[in-house]
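Me: Got a chain here that I'd like to go through with you. Let's start with the overall fold and then look at some side chains.

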Amino acid sequence: MKLSGWGRFPTHDVALSAPRSEAALQAQLAEGAAIARGNGRAYGDSALSQTNTVHMRHFAHMLSFDDKTGVLQAEAGVLAADIIDSFLPRGWFLPVTPGTKFVTLGGMIAADVHGKNHHADGSFGNFVDWIDVMGPDGKVTRCSRRKQATLFQWTVGGMGLTGIILRAAIRLRPVESGWIAQQMIQAENLDAAMDVFERSQDSTYSVAWIDCLSTGAARGRSLVMLGEHAALEDLPKPRRKMPFQTKDKRKLSVPFSLPGWLMNGLTVRAFNALYYWNGSRKAGESLVDWDSYFYPLDAILNWNRIYGRRGFAQFQCVLPLETSRAGLNALLEAISEAGAGSFLAVLKRLGPQESRFSFPMEGYTLALDFPVNARTLALMDRLDAITLDHGGRFYLAKDSRMTAETLRASDPRTDTFEAARRKSGACETFASEQSQRLKL
């Protein structure tokens, strides 16, 4: 069947299976090089295999929860949304979350997702106690930082290439309400936005929407959103009785793929100007429900159809702290010159990261979405080169078009990861379209 990632690019004709048991999953490994697939929210081809795409939707059970420590044991196919629905009313929230709640536990581990709190808490892997991984021989190994540590280190952030994640234990975060105390700060340009990030290191959450087409003194103008989980005393008295109850929002939906010509420099520039003006009106402190703060795009079902039938590609890099200002300015200049801006440009400050095969490093990450066409693909090649010039690297969970040469130039850990895969035999059993494209 034809299948793609969330970006709808590239599309491959894949052999898809959905085993219901470990025995069926073991048998599936004999059908050819396999890759696990969760809910299909990786943007590119990291969860696609033409020979053997293994959908994990039947491994979606929560197994146990300790309400004293917040440790949840669950199968890999459990959605983040299900975890929130089950445990937020009991005073627990995800310790780290990406920008959508429609991702699986296995996917969050495989991509070692980061969130708006990386500068303070690191990536999702910091809160994983153990993982059960099915290896190339069908044997299931429980790994952790102390037991089978090598397998653990490469599985967290390893994009499913060390084996199939079956189960894991993670530590949830205690919270007093379902609300976020947000501070919206208007930043007139990139330097001002970065100054806000640097003086806000004590904030638990920080993220910025950035206007990637503004020029001159306004280049990189941004809306920076700081956040904290609201305590009971932060809520108005009527809400303190039911602190986890938030208003249900009506879901919007994009019913069909929009015409590709709608996504052009003029419409993006107009949208960005309106978004910045509207956000500036909301500057200051406010209470925002958890869903709106962490997952604004989840309110629009099938929003990936906005980019048309060709789909879109996301560019996401991280630049080391010492080169971030120069590198981000160079990236924004290239985007502005090309006139191919992004509706969804996001800037975050990242903190130090453990030395596993994972995306973050201390510095700044910029994420942008572009409709797929010859002009934007050429622009992203240019952005790759700028990133390399400034010592940056790229997020495999968002990648759909990077070359193997670019990956190796950006990340010297690639050779060590390949060696670990060869030693375990994983390279012969686990492969995705992305891993083949990147020669992993």
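Me: What share of the contacts with a separation of 6 or more comes from residues 24 or more positions apart?
Reply: Those residues account for 75% of such contacts in the chain. Keep in mind that this is a predicted model.

Me: How many helices and strands?
Reply: The chain has 15 helices and 22 strands. Its radius of gyration is 21 Å, close to the 22 Å that the globule rule gives for 440 residues, so the chain is as compact as a globular protein of that length.

Me: And what box do the C-alpha atoms fill?
Reply: Roughly 60 × 55 × 45 Å, taken along the principal axes.

Me: What percentage of the residues count as buried?
Reply: 59% of the 440 residues do. The accessible surface of the chain is about 18,300 Å², and carbon and sulfur atoms make up 52% of that surface.

Me: Switching to charges. How many salt bridges does the structure hold?
Reply: There are 19. One of them pairs Arg167 with Glu22, with the closest N and O atoms 2.8 Å apart. This pair links distant parts of the chain, since Arg167 sits in strand S11 (residues 164-171) and Glu22 in helix H1 (residues 22-28), 145 residues apart.

Me: Arg167, buried or exposed?
Reply: Arg167 counts as buried, because its relative accessibility is 16% and the cut-off for buried is under 20%. Glu22 has 27% relative accessibility and counts as partly exposed.

Me: Which residues are linked with Arg167 in a network of salt bridges?
Reply: Glu22, Asp132 and Arg142 are in that network with Arg167.

Me: OK, what about Asp121, which residue does it form a salt bridge with?
Reply: Asp121 pairs with Arg173, and the closest N and O atoms are 2.8 Å apart. Asp121 lies in helix H4 (residues 118-121) and Arg173 in strand S12 (residues 173-174), so this salt bridge ties together parts that are 52 residues apart in sequence.

Me: And how do the two ends of that pair sit, buried or exposed?
Reply: Asp121 is partly exposed, with a relative accessible area of 23%. Arg173 is buried, at 17%.

Me: Now Arg349. Which residue does it form a salt bridge with?
Reply: Arg349 bridges to Glu362, with 3.6 Å between the closest N and O atoms. Arg349 is in strand S20 (residues 346-350), while Glu362 is in the loop between S20 and strand S21 (363-371), 13 residues apart.

Me: What are the relative accessible areas there?
Reply: Arg349 has 5% and is buried. Glu362 has 35% and is partly exposed.

Me: Different topic, cysteines. How many disulfides does the structure hold?
Reply: The structure holds 0 disulfides.

Me: Why is there no bond for Cys143?
Reply: The closest cysteine sulfur, in Cys427, is 18 Å from the sulfur of Cys143, which is too far for a bond. A disulfide would need the two sulfur atoms within 2.5 Å.

Me: Where does that leave Cys427?
Reply: Cys427 is in no disulfide; its nearest cysteine sulfur is that of Cys143, 18 Å away.

Me: Last one: are those two cysteines buried or exposed?
Reply: Cys143 is buried, with a relative accessible area of 0%. Cys427 counts as partly exposed, at 30% relative accessibility.

Key:
Residues numbered from 1 in each chain as written. Predicted model: local features only at pLDDT ≥ 70, side-chain atom pairs only at ≥ 80, totals over all residues. Heavy atoms only, no water. Salt bridge = Lys/Arg side-chain N within 4 Å of Asp/Glu carboxyl O. Helix = DSSP H or I, 4+ residues; strand = E, 2+ residues; numbered from the N terminus. Buried < 20%, exposed > 50% of the residue type's maximum accessible area, 1.4 Å probe, protein only. Rg over C-alpha atoms; globule rule 2.2 N^0.38 Å. Contact = heavy atoms within 4.5 Å. Areas by Shrake-Rupley, 256 points an atom, 1.4 Å probe, with all protein chains shown as cover.
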